[in-house]
Amino acid sequence: MKKSIAVLLLGLVAAAALIAAPIKVGLVTDVGGIDDKSFNQGTWEGIKLFAKENKLKEGVDVKYLQSTADADYIPNLSTFADEKLDLIVAPGFLFEEAMKTVADQYPKQKLLIIDSVVQKPNVASAVFAANEGSFLAGVAAGLKAKADGKDTIGYVGGMKFPLIENFQAGFEQGVKTVLPNAKILVDYSGSFTDAGLGQALAAKQYNAGAYIIYQVAGGCGNGVIKEAKERSAKGDIRWAIGVDKDQYADGIYAPGKSAILTSMMKRVDVASHDVAVMVRDGKFPGGQTLVFDLKSKGVGLPATNPNLSAAIIKEVEKYTALITSGKLKVNSVQ
Amino acid sequence: MNIFYSMVPIAFAYSAPLVIAALGGLFSERSGIVNIALEGIMMVGGFTAASVTVVLEPLTPAAGYWGLLAGLCAGVVFSALHAFTSINLKANQVISGTALNILAGGLTVYLAQIFFHQQRTAAFTRGLVKVTVPGLASIPLVGPLFFVNASPPFYIAIALVLVAWFVVFKTPFGLRLRACGEHPQAAASMGIDVLAMRYIGVLVSGAFAGLAGSALVLTQDIQYTAGSIHGSGFIAMACLIFGKWNPFGVLGAGIFFGLAQALSLYAKDIPFLVGIPSEFFYLLPYALTIIALLVFAGKSVGPKAAGEIYDAGKR
């Protein structure tokens, strides 16, 4: 699957490379650093793929600057802007203010912000259709519960606002689609950092019979994973679903065993790669908000899901096809 | 009633790190040094505990407890900085503490970058897990509240409350410690080594806060992140004031805060509380703390010389 996409892309690129001049792309990381196994690293991987396809040199044509403090964002963005790179990429909402400032200072500079929206004519914003990815997570959870004879599934959110409620909407719909009489418990912790609250809410939902919990709460969600691991290690098998990136490794409680059923991934690498391609082709979407959804492979479950049976994976693929073809509409609160 | 039985152990588990850290603050302030660095020390303790646990877990099932011990030691080392600046160098204690808080955030993330090549420690597999005490768990009424799925640090907290009370109020050492916090010049005139007592006070607070940070990360989280401690050190300071610098008061304040926090999670399941916006309950623990502080403000008198730079010549 992955290979065939790569081959296809290479073919396209080979054709395009003949007509397009090489371009320069720069990434400014947030304080998380280039190898954070999350947004920075993912974004950089997308750019590296773009470089490989276009035979660009790493460190010359495509490069990155790491930020060690929030105060570095504007200087780092400006450094690249002074070098007149063709595209500067910044991942995450932390860059919102810095992006606005730099966009005004360098009105000709093409900028890309990922997972956030900045409305400036020279900034493209890439966001993710989290409801669609969450729908698939819901399908996986519903089928797993069904296969094991359970009917209660939980959702723990961080703060309650539309961006996060969007995850809930897709997830609930996904669960109900495959398990119509499922009981879904919903709680919001009011925090994205307090793991203690996440653990307490997980304990509450697991006590109430929840078999699987989808956590969309950042560091607070770690508490949910902790509770799932603790119970599973004691023989009372419970699951948690990861968010944003593949959290399988976070859920390992015994050799070869993870409490992470699957994860709803935001493919920041797809976003950075695809926008770089647009810039190369002279189609920079300045001032626009690009929604990366299932169709553009911007959201989805990880490539490997050791905890999902082949039958469940097949069903998930079936629903993926239904959504990408437009036959199934996923609920949204935005 | 079911809600009550589910809620109380959660409140206890939540309060344990707060109580332990606040007891640390008690030793420091009773000796006359304000330790606003509890938060930073908890971060260093939590980071160390998580790292040691990750390394030892493949080797021993007791890795979590070694992690606790390592976090405690790291807390002592880190707090020595506060002791040195505020006792030897006579720096302003609030500024020194604030500096440590800022340093801890950067230092732990920096070290995580070196050891684990990411901004957080690797995830440990188990950390500290909840325990059910055989036998005691089957006591009617009390068993399910205290002995089923209880957090081990809560027992540690209870034990430390008793130890702290005995040491501070029932031993000659405790009397000397308190004298240094009330009137160091008078204590010195009786032959007490004020600087040594204050060093002990700060280092003990470092040990307790390090332990508290370790307990918090190992029981509630799956790894140490920059947000793991999320202000618990400051809540612990509030517990210390609310508990009137008394170990039992601190325990009560900690449990009170834990219960308020648990209530915020359960409010939507309690029939007569439904309909109140959830934001109200998120705010509740903090609002209750402020209200309690206001109510007890007049009676809440800390050690007289806490925060003052010790000048042996002053009368």
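Colleague: Why is β3(A) called largely enclosed by the rest of the structure?

Modeller: Keep in mind that this is a predicted model. A residue is called buried when 20 or more other C-beta atoms lie within 10 Å of its own. Five of the five residues of β3(A) are buried, so the strand is largely enclosed by the rest of the structure.

Colleague: Which way do the residues of β3(A) point?

Modeller: A:L87, A:V89 and A:P91 point one way, while A:I88 and A:A90 point the other way, and all are buried. That fits a general pattern: in a regular strand the side chains alternate between the two faces of the sheet.

Colleague: What makes β3(A) and β4(A) a pair?

Modeller: Two strands pair if there are at least two bridges between them. β3(A) and β4(A) have four bridges and run in the parallel sense, so by that cut-off they count as a pair. Within β4(A), A:I113 stands opposite A:A90, and A:L112 stands opposite A:V89. Strand β1(A) is joined to β3(A) by three bridges, also parallel, with A:V25 opposite A:L87.

Colleague: How do you know which strands are at the edges of the open sheet with the order β2-β1-β3-β4-β5-β13 in chain A?

Modeller: By looking at the partners. β2 (62-65) and β13 (289-292) of chain A each pair on one side only, which makes them the edge strands. The sheet has six strands with parallel pairing, and the twist averages 20° from one strand to the next.

Colleague: What makes one side of β7(A) and of β14(A) count as left without a neighbour in the sheet?

Modeller: These two belong to another open sheet of chain A, with six strands in the order β7-β6-β8-β9-β12-β14 and mixed pairing. β7 (183-188) and β14 (299-300) stand at its edges with a single partner strand each, so one side of each has no neighbour in the sheet. Helix α8 (residues 219-233) of chain A packs on this sheet and touches β6, β8, β9 and β12 of chain A. The direction of α8(A) makes about 160° with that of β8(A).

Colleague: Why is β6(A) called mostly covered?

Modeller: Five of the six residues of β6(A) are buried. β6(A) also pairs with β7(A) in the parallel sense, over six bridges. In that pairing, A:T152 stands opposite A:K183.

Colleague: How do you know that the buried residues of α4(A) line one face of the helix?

Modeller: The buried residues of helix α4 (residues 96-105) of chain A are A:A98, A:M99, A:V102 and A:A103. Seen down the axis, they fall within an arc of 130°, so they line one face. On the other side, A:D104 and A:Q105 are exposed. As for what the buried residues pack against, it is α3 (73-82), β3 (87-91), β4 (111-114) and β5 (123-128) of chain A.

Colleague: What makes A:D244 worth a look?

Modeller: A:D244 has a positive phi of about 75° although it is not a glycine. Its place is in strand β9 (residues 239-244) of chain A. The next strand to mention is β12 (residues 260-266) of chain A, which runs parallel to β9(A) and is joined to it by four bridges. There, A:M264 is the bridge partner of A:V243.

Colleague: Why is A:D244 called buried?

Modeller: The cut-off is 20 or more other C-beta atoms within 10 Å. A:D244 has 20, so it is buried.

Colleague: Where is B:W245, and is it buried or exposed?

Modeller: B:W245 is in the loop between α10 (232-242) and α11 of chain B. With 21 other C-beta atoms within 10 Å, B:W245 is buried. Its phi is near 55°, a positive value in a residue other than glycine.

Colleague: How many residues does each chain give to the contact between chain A and chain B?

Modeller: Chain B gives 24 residues and chain A gives 32. On the side of chain B, α1(B) gives the most, with three residues. By class, that side has eight nonpolar, 13 polar and three charged residues.

Terms used. Residues numbered from 1 in each chain as written. Chains lettered and ligands numbered in written order. Predicted model: local features only at pLDDT ≥ 70, side-chain atom pairs only at ≥ 80, totals over all residues. Buried ≥ 20, exposed ≤ 12 C-beta atoms within 10 Å, placed from the backbone. Arc of directions from axis to C-beta. Contact = placed C-beta atoms within 7 Å. Nonpolar A, V, L, I, M, F, W, Y, C, P; charged D, E, K, R; others polar. Axes fitted to C-alpha atoms, helices over the stretch in contact; angles between N-to-C directions.
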